[in-house]
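Reader: Got a minute to walk me through this fold? I'd like to go through it piece by piece.

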Amino acid sequence: MSRILAIDYGNKRVGLAVTDPLQLIATPLETIHSQDLLAYIQAYHQREPLAAIVVGMPRTLLNEPTDVTSAVVGLVRRLRRELPDVPVHELDERYTSRMAHAAMLAGGLSKKDRRDKATVDRVSATLILQSFLNSR
């Protein structure tokens, strides 16, 4: 079976998570620079065929767009154009960073590791993906 990839997009860094081939478990994959994202996904799709891509859609607590929302909307359009055979899903990501910090604290990560924004981005992408898997 194919994997599902999740994206926690930021203007500088992008957290990525992926499922196992049976699409049961979400695991952190990588944190990359946002400029390298499309090339990375295309290369990954060549190695490991993707069944779907889940993109975290940033919104404020009042369900309004954030300063990153327009960039994410553009990313979703590019993904749909560049990878027409891969469905792209959007998922509300409002509390993922806060939940990522709580998960890392519960998991026993050191304070230094919890401050690493790349780690937070990967864990956030994993939470987005797990939320998508739970909703199916």
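Author: Below we go through the sheet, the helices and then a few single residues.

Reader: Ground rules first, what am I looking at?

Author: This is a predicted model, so to speak of local features we need pLDDT of at least 70, side-chain atom pairs count only at pLDDT 80 or more, and totals for chains, interfaces and linings use all residues. Residues are numbered from 1 along each chain as its sequence is written, and side-chain values use heavy atoms, with hydrogens and water left out.

Reader: How many helices and strands does the chain have?

Author: Five helices and five strands. Helices (H or I, at least four residues) and strands (E, at least two) are DSSP runs, numbered from the N terminus. In sequence order the pattern reads β-β-β-α-β-α-β-α-α-α.

Reader: And what's the strand order in the sheet?

Author: β3-β2-β1-β4-β5, in an open sheet of five strands with mixed pairing. Pairing here takes at least two DSSP bridges between two strands. At the edges sit β3 (26–33) and β5 (88–92), each paired on one side only. On average, neighbouring strands are turned by 25° against each other, direction ignored. Axes are lines fitted to C-alpha atoms, for helices over the stretch in contact, and angles run from 0 to 180 degrees between N-to-C directions.

Reader: Mixed, ok. Which way do β1 and β4 run, parallel or antiparallel?

Author: Parallel: five bridges join β1 (residues 3–9) to β4 (residues 50–57). For a register check, I7 has V55 as its bridge partner in β4.

Reader: What about β2 and β3?

Author: Those two are antiparallel, over seven bridges. L16 is bridged to E30 in β3. The pair forms a hairpin with six residues between the strands.

Reader: What's up with phi at Q23 in that loop?

Author: Phi of Q23 is near 60°, a positive value in a residue other than glycine. As background, most residues other than glycine have a negative phi. Q23 lies in the loop between β2 and β3.

Reader: Is Q23 buried or exposed?

Author: Q23 counts as buried, because its relative accessibility is 12%. The cut-offs are under 20% relative accessible area for buried, over 50% for exposed and partly exposed in between (1.4 Å probe, protein chains only).

Reader: Where does N63 sit, and what is its phi?

Author: N63 is in the loop between β4 and α2, and its phi is positive at about 65° although N63 is not a glycine. With a relative accessible area of 41%, N63 is partly exposed.

Reader: Switching to helices. Which strands does α1 lie across?

Author: α1 (residues 37–47) lies across β1, β2 (13–19), β3 and β4, at about 135° to β3. Helix α2 (residues 69–82) lies across β1, β4 and β5, at about 165° to β4.

Reader: How do α1 and α2 pack?

Author: Their angle is about 35° and their axes are 11 Å apart. The crossing is right-handed, meaning the near helix is turned clockwise from the far one by less than a right angle (anticlockwise would be left-handed). L37, L38, I41 and Q42 of α1 make the contact with L75, R78, L79 and E82 of α2, where contact means heavy atoms within 4.5 Å. By class that comes to five nonpolar, one polar and two charged residues. Ala, Val, Leu, Ile, Met, Phe, Trp, Tyr, Cys and Pro count as nonpolar, Asp, Glu, Lys and Arg as charged, and the others, Gly among them, as polar.

Reader: What else does L37 touch?

Author: Leaving aside neighbours within four places in sequence, L37 is in contact with I7, Y9, V14, L16, I32 and L75. L37 is buried, with a relative accessible area of 2%. From L37 to L75 is 38 residues in sequence and 9.3 Å in space, C-alpha to C-alpha.

Reader: And α5, what span should it have?

Author: At 1.5 Å a residue, the 19 residues of α5 (residues 117–135) should span 27 Å, and the end C-alpha atoms are 27 Å apart, which agrees. The expected span is 1.5 Å times one less than the number of residues. Buried residues in α5 include V120, V123, I128, L129, F132 and L133.

Reader: What about N134?

Author: N134 is in α5 and exposed, with a relative accessible area of 57%. N134 and L24 are 110 residues apart in sequence and 9.3 Å apart in space, C-alpha to C-alpha.

Reader: How much of the chain is buried overall?

Author: Of its 136 residues, 44% count as buried.
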